[in-house]
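Welcome, and thank you for taking a look at this model. Please keep the picture at hand while we walk from one residue to another.

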Amino acid sequence: MAHEIGHHLQGHTLTADDSKPPEELEADEYAGFILASLGAKIDESLSLWHSLPAEGSTTHPPRTQRREAVRRGGAKWHNIQKNMMAKARTLPSPPPQK
């Protein structure tokens, strides 16, 4: 579902054109990002992509590229979280309550 929402949010559904491999990879990366944000581990995120055809087509890229896009999306989420935690550690402590 996150993959299909990715198509919609990235404007892929605004045209009547067939799917294109770059758009599929964008939607896959979005799905990886969202699944990671929901707490999915990488093997859980990739479970759907295991069942896709290994070879690509005119509308969809090969499974290896799609799996890598999911991994990139998950890595983006984890990097954002890591950066937020690092910034939070550098914030000054609030003044003591009276």
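Let us start with Arg-72, which is partly exposed because its relative accessible area is 35%. In these terms, a residue is buried under 20% relative accessible area, exposed over 50%, and partly exposed in between, judged with a 1.4 Å probe and protein chains only. Before going on, please note that this is a predicted model, in which local features need pLDDT of at least 70 and side-chain atom pairs count only at pLDDT 80 or more, while totals for chains, interfaces and linings use all residues. Residues are numbered from 1 along each chain as its sequence is written, and side-chain values use heavy atoms, with hydrogens and water left out.

What does the side chain of Arg-72 meet in a salt bridge? The partner is Glu-29, with N and O 3.0 Å apart. A salt bridge here is a side-chain nitrogen of Lys or Arg within 4 Å of a carboxyl oxygen of Asp or Glu. Glu-29 sits in helix 2 and Arg-72 in helix 5, so this pair ties together parts that lie 43 residues apart in sequence. Helices (H or I, at least four residues) and strands (E, at least two) are DSSP runs, numbered from the N terminus. Unlike the partly exposed Arg-72, Glu-29 counts as buried because its relative accessible area is 15%. Elsewhere, Glu-24, Asp-28 and Arg-66 are joined into one network by salt bridges that share partners.

Within that network, let us look at one pair. Arg-66 and Glu-24 form a salt bridge through their side chains, at 3.5 Å from N to O. This pair links distant parts of the chain, since Arg-66 belongs to helix 5 and Glu-24 to helix 2 (residues 21–37), and 42 residues separate them. Are these two partners buried or exposed? Arg-66 is buried because its relative accessibility is 8%, and Glu-24 is buried because its value is 2%.

How many salt bridges does a search of the whole structure find? The search gives 5. Among them is the one between Asp-17 and Lys-20, whose closest N and O atoms are 3.5 Å apart. These two side chains also make a polar contact at 3.5 Å; a polar contact is a pair of N or O atoms within 3.5 Å where, within protein, one must be able to donate a hydrogen and the other to accept it, and residues adjacent in sequence count only if both atoms are side-chain atoms. Asp-17 belongs to the loop between helix 1 and helix 2. With a relative accessible area of 51%, Asp-17 is exposed, whereas Lys-20, at 35%, is partly exposed. To find Pro-94 from Asp-17, you would go 77 residues along the sequence and 54 Å in space, C-alpha to C-alpha.

Next to Arg-66 in numbering comes Arg-67, which is found in helix 5 (residues 63–90). Arg-67 is buried yet has no salt bridge, and the nearest side chain of opposite charge, that of Glu-68, is 7.9 Å away. Lys and Arg count as positive here and Asp and Glu as negative, with His and the chain ends not counted. Side chains of opposite charge can pair when their charged atoms come close. What Arg-67 does have is a polar contact of 2.6 Å between its side chain and that of His-50. Contact means heavy atoms within 4.5 Å, and beyond its neighbours within four places in sequence, Arg-67 touches Leu-46, Trp-49 and His-50.

Further along helix 5 we find Val-70, which is buried because its relative accessibility is 0%. Leaving out neighbours within four places in sequence, the contacts of Val-70 are Asp-28, Glu-29, Gly-32, Ser-45, Leu-46 and Trp-49. His-3 lies 67 residues from Val-70 in sequence, while their C-alpha atoms are 9.6 Å apart. Ser-45, in helix 3 (residues 42–45), is buried at 4% relative accessible area. Apart from neighbours within four places, Ser-45 is in contact with Leu-35, Ala-40 and Val-70.

Our last stop in helix 5 is Gly-73, which counts as buried because its relative accessible area is 0%. With neighbours within four places set aside, Gly-73 contacts Glu-29, Gly-32 and Phe-33. The C-alpha atoms of Gly-73 and Leu-35 are 8.7 Å apart, although 38 residues separate them along the chain.
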